[in-house]
Amino acid sequence: METDLSENGHRSRRDRRIDGEWVDRRERRRRTERRESDDAGEGNDRDDKRERRRRGNRDDSDDDDDEREGLRRERRDEDEDGGDRVERRRKDVRKENDDERDDRRDRRRKNETRVDDDDERDDKRKRRRRHEGESDDRKERKRREDDDEKLHKRRNDEREFRDRLDRYNDGKEGNDDNRKDTRQRVGDDKYGKEKNRKDGAQEDGAVKANEDSKVQKQDGDSTTDLAKLGRSGGVYIPPFKLARMMKEVQDKSSVEYQRMTWDALRKSINGLVNKVNAANLKNIIPELFAENLIRGRGLFCRSCMKSQMASPGFTDVFAALVGVVNTKFPEVGDLLLRRIILQLQRAYKRNDKPQLLAAVKFIAHLVNQQIVHELIALELLTVLLEKPTDDSVEVAVGFVTECGSMLQDLCPRGLHGIFERFRGILHEGEIDKRVQFLIESLFALRKAKFQGYQAVRPELDLVEQEDQLTHEVSLSDTIDPEIALDIFKPDPNFLENERKYEELKKAILGEESEGGEDSGAESEDEDEDEDEESEEEDEEQMKIKDETETNLINLRRTIYLTIMSSVDFEEAGHKLLKIKLEPGQEMELCIMLLECCSQERTYLRYYGLLGQRFCMINKIHQENFEKCFVQQYSMIHRLETNKLRNVAKFFAHLLGTDALPWHCLAYIRLTEEDTTSSSRIFIKILFQEMSEHLGIRLLNERLNDPTMQESLESIFPKDNPKNTRFAINFFTSIGLGGITENMREYLKNMPRLIMQQQKPVSESDESGSSSSSESSESESESTSSSSEESDDSRRKQRKRRR
């Protein structure tokens, strides 16, 4: 009874402990749920984590219920079965509980790791959002800075434009009276309105003035339009109308006429400079000298600088144009140099790389034309490399690339010092890798003697060295760009200056050209029909000769594409015959066919059949292929082995099919001295292919044909035993010893033939000696002595021959 009570008391304590553990777990579960409810505002990710935790807690509660149920079952079993069974059951229950506890612990760890991963993912998302926000802020800040910079630049441009406009207005001396009248008119309109209303007579005069102005506009009076012509932004006036208005002006020295001529000069210079290139440079120069370059030297310099900035690729053309003008008007070259240096200084201070590159390139080509002294180039390079940066070094490399060839000739020591500075910058390694590669490429270009970057192209070398005038301006000097030359100013001595330039123009261009132009203009005014007829006759007589070989290149391209795109030789021959060839272009067809054949990896019978077809169609092609054979054999040492094999097989096909006459083989001379290794390979492949086409028997018959012997004497020489043995050994080594039978017999019988040739010579000598002895007996004693001497001389000759 006591034992039962003790056991019941023990059970009650254990139940209370189990219930307490269950209560603690439930409390922890509530706390976690409360904590998760506090974090419910974190979003959907938090909800997912809370749901997973709930599932984990639900699993824990199920495990706790299972554990309690197991403990109760254990108590019942102990009550029923007693001690041993209870102990075994208790051990099993403990083991199961331990396993379940381990499983729960593992699940809890997994849940915790999953939660940690979710937290880490959430942190990453937050950081990413924060970074995106910061990048957006940076972009917005940069955009604002760009807008501020653009606004600042626009304001500077407007300020500069206003300053320029003020200078322009200040320079307009001829319009002072007009401005005064305008101010007076404005004052009258502003302060005298009441007086004008009261004065009816003045209103009637104003109405009449308006009517007169309308009538003048309808009649096309030039005096009203002249005041508007020179203004920028005015109405466009066609050239013919402008010329007519200029003719209608009576006073040639008036300000309006001077403004009209100024605008015409500006448009003409801009048009000529804009359309100049290497091809028409020689034609543009006389037209440019026909304009008043002394008056418009500022316009010419500004137009050259703008055109060069717009198209830097034509810098050498503009430099050549300036070089020609500089020989006649040195002040133009000096003004252009000063303005370019000023532009370079401004671009260098503003870090304007495109403008700096354009100015540097212009100076480089002016140095090449020797308009600018080479010391300016060295000074410029010294300034650029004094404090090297990526941009300054890149600009210096471009400058040396353009004018390095000329500097190498004019001042090699100075250029050597510049390259030593480049080497020092390269060794310091403080610049970008890309710029270092540019310096290395510049050293390689110097090693190649600036190949590909010649100082002056032949078509742009128009000025002799002794005629060119070189200018020297230091970069540190104060430079006056003379901007006033770009603005119109009335000239009180306008007519006298124009007359002086006309005389100078005649001295430069020649009086004949002027007279021809004047007579041409008069003839156009008198009779246009005669000019049209003369132009038509000139066009008929004119024959354009293509020196660029453009048509020839297009023809070769057409032939090549036709050959390569055809399926078989018949289609190719049909298409090639449709090509219209001018007289003398048939040779190009044969050359292109042979070139295509030689470019193949292996010989294709397609080319042989195509060549055979052309030889059979027209004898001209046969003669051209014969010329190609002679030309290819003479240059056979220049061909590679593969090309040599294809060419030999091609001509072997033509010879084997009788498309090419065999007398072309007479050009081949088979001796040790007259052949090379390449020519012997060519002959070997040629005869081997012919033996395959014809067979050794038929080939031997063709070679032994009496009509062919004259053409084959050079291949089968019989003039010297050494050459004969060489030919026999050659054909025997290539497997064609059967065609040398006649040569072998000839070589075997050669000593007997030599003896037979010598016998007639000896018989003729003996008969001559006997006749001389008989005549000596019949002659007098005086002649006997001479005959004996002649006999002795003949015996000596006979002994020598033996």
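**A tour of two surface patches and a buried phenylalanine**

Tyr560 is partly exposed, with a relative accessible area of 39%. Please keep in mind during the tour that the model is predicted. To find this tyrosine, display helix α22, which spans residues 550-565. Next, add Leu561 and Met564 to the selection: together with Tyr560 they make a nonpolar patch of about 280 Å² on the surface. Tyr560 can belong to such a patch because its relative accessible area of 39% passes the required cut-off of over 30%.

The second stop concerns charge. Select Arg28, Arg30, Arg31, Arg34, Arg35 and Arg108, which gather on the surface as a patch of positive charge. Helix α1, residues 2-38, supplies the largest share of this patch, namely 5 residues. Among the residues of helix α1 is Arg28. Is Arg28 buried, partly exposed or exposed? Its relative accessible area is 44%, so Arg28 is classed as partly exposed.

For the third stop, move to helix α17, residues 412-428, and select Phe422. With a relative accessible area of 0%, Phe422 is buried; the cut-off for that class is under 20%. Which residues does Phe422 contact, leaving aside its neighbours within four places in sequence? Show Leu385, Val393, Ala396, Val397 and Val400, and then Ile439, Leu442 and Phe443, to display these contacts. To end the tour, draw a distance between the C-alpha atoms of Phe422 and Val393: the separation is 8.4 Å, although the two residues are 29 residues apart along the chain.

Technical notes. Residues are numbered from 1 along each chain as its sequence is written. This is a predicted model: local features need pLDDT of at least 70, side-chain atom pairs count only at pLDDT 80 or more; totals for chains, interfaces and linings use all residues. Side-chain values use heavy atoms; hydrogens and water are left out. Patches are made of residues with over 30% relative accessible area and no salt bridge: like charges are joined within 9 Å, nonpolar side chains (Val, Leu, Ile, Met, Phe, Trp, Tyr) within 5 Å. Accessible areas come from the Shrake-Rupley method with a 1.4 Å probe; for residues, only the protein chains shown count as cover. A salt bridge is a side-chain nitrogen of Lys or Arg within 4 Å of a carboxyl oxygen of Asp or Glu. Lys and Arg count as positive and Asp and Glu as negative; His and the chain ends are not counted. The place of a charge is taken as NZ of Lys, CZ of Arg, CG of Asp or CD of Glu. Helices (H or I, at least four residues) and strands (E, at least two) are DSSP runs, numbered from the N terminus. Buried means under 20% relative accessible area, exposed over 50%, partly exposed in between (1.4 Å probe, protein chains only). Contact means heavy atoms within 4.5 Å.
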